[in-house]
Every structure is written in C-alpha cells, then in structure tokens.
Amino acid sequence: QVQLGESGGGLVQAGDSLRVSCAASGGSIDNYAVAWFRQAPGKEREFVSAISWIGGTTYYADSVKGRFTISIDNAKNTVYLQMNSLKPEDTAVYYCAASSTKAPAVVVNNIRKSGLYDSWGQGTQVTVSS
C-alpha cells in the first residue's frame with residue numbers, strides 16, 4: 001500500500017495561486033488513481049480533483065473547474081494540485097488519496113467517492129483570506 005504525504009499549504013489572499021504536493025512512497029504513483037479531497041471546518045470531506053492511470057484522465061469538481069489543475073510527475077512520484085484564482089471558500093484541509101483498485105469500470109464510476117481510496121495522507125491546510 002502506497003504511503004502519501006502532502007505539503008505546500010499555507011495562507012494566501014483571494015485571487016492568489018498555490019500549489020500543493022502529494023509525495024508517494026512504497027509504490028509507483030502512476031499505478032494508482034489519485035485524488036484530492038478537502039474538508040472545511042464543520043463540513044463533510046468533498047471531492048476536488050482526480051487523475052487515473054486509465055489514459056491519464058482528469059476529473060474536477062464543478063466548484064474548481066477552470067481554476068485548479070491536477071498533474072503527476074512520475075520521476076518524482078508526486079501528484080500536484082495547482083490552484084489559481086483562489087477564493088475564501090477554498091479554505092480547507094486538503095488531502096490526497098490513492099486507490100489500488102485496478103478494475104477500470106469501478107475506478108471510473110467511483111473516482112469522486114472517498115470510499116474508492118485506500119491510502120490517505122495527513123492533509124495540508126490551505127487558508128484563503130478575503
């Protein structure tokens with residue numbers, strides 16, 4: 001099972017950009033579906049973005065589409081989430097997660113659901129001030 005560690009969070013102003021990273025160890029990240037979720041205080045964890053090993057397809061929540069970009073650096077075994085035009089409502093702890101599921105239909109149909117993922121990082125705080 002791959003181990004994940006997030007970094008790069010911080011305090012920024014509305015309209016700024018930030019890139020958070022998810023470094024993987026114990027396995028090659030390009031063999032997994034990898035996602036970013038976030039959880040704001042008092043709210044449930046929500047899906048943000050994902051990338052699958054099935055053709056490198058990317059997925060985004062409607063709230064971040066056009067502003068956030070997920071990518072993989074295979075040489076560094078790291079997944080990134082580039083966040084542009086940040087808004088105060090983007091404030092949350094951001095978690096990366098990886099799924100070892102290899103059935104393509106299961107991955108595609110469940111990629112936005114936290115239950116698909118069996119490895120999670122500890123999270124990194126992103127705070128956007130207005």
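Four strands make up an open sheet here, arranged in the order β1-β3-β8-β7, and their pairing is antiparallel. The edges of this sheet are β1 (3-7) and β7 (68-73), each of which pairs on one side only. From one strand to the next, the twist averages 20°. Please keep in mind as you look around that this is a predicted model.

A little background may help: strands of a sheet pair through backbone hydrogen bonds, either parallel or antiparallel. For a closer look at one such pairing, turn to β7 and strand β8 (residues 78-83), which run antiparallel and are joined by six bridges. Which residue of β8 is the bridge partner of Phe-68? That partner is Met-83.

**Charged pairs**

Side chains of opposite charge can pair when their charged atoms come close. The structure holds four salt bridges, and the table lists some of them, with the distance between the closest N and O atoms.

| Salt bridge | N to O distance |
|---|---|
| Glu-46 and Arg-38 | 2.6 Å |
| Asp-90 and Arg-67 | 2.8 Å |
| Lys-65 and Asp-62 | 3.3 Å |

Asp-90 and Arg-67 are worth finding in the model. Their salt bridge links distant parts of the chain: Asp-90 sits in the loop between β8 and β9 (92-99), Arg-67 in the loop between β6 (58-60) and β7, and the two are 23 residues apart. Both Asp-90 and Arg-67 are buried. Through salt bridges that share partners, Arg-38, Glu-46, Arg-67 and Asp-90 are joined into one network.

Is Arg-38 buried or exposed? Its relative accessibility is 6%, so Arg-38 counts as buried, the cut-off being under 20%. Its partner Glu-46 is partly exposed, with a relative accessible area of 35%. Asp-62, which pairs with Lys-65, has a relative accessible area of 67% and is therefore exposed, since that term applies over 50%.

**The disulfide**

The structure also holds one disulfide. It joins Cys-22 to Cys-96, with an S to S distance of 2.0 Å. This pair, too, links distant parts of the chain: Cys-22 belongs to strand β3 (residues 18-25) and Cys-96 to strand β9, 74 residues apart. Strand β3 is also a member of the open sheet described at the start. Why is the disulfide of Cys-22 and Cys-96 right-handed? The torsion about its S-S bond is about 65°, and that is why the disulfide is right-handed. Cys-22 is buried, as is Cys-96.

Note on methods. Residues are numbered from 1 along each chain as its sequence is written. This is a predicted model: local features need pLDDT of at least 70, side-chain atom pairs count only at pLDDT 80 or more; totals for chains, interfaces and linings use all residues. Side-chain values use heavy atoms; hydrogens and water are left out. Two strands pair if DSSP finds at least two bridges between them. Axes are lines fitted to C-alpha atoms, for helices over the stretch in contact, and angles run from 0 to 180 degrees between N-to-C directions. A salt bridge is a side-chain nitrogen of Lys or Arg within 4 Å of a carboxyl oxygen of Asp or Glu. Buried means under 20% relative accessible area, exposed over 50%, partly exposed in between (1.4 Å probe, protein chains only). A disulfide is a pair of cysteine sulfur atoms within 2.5 Å.
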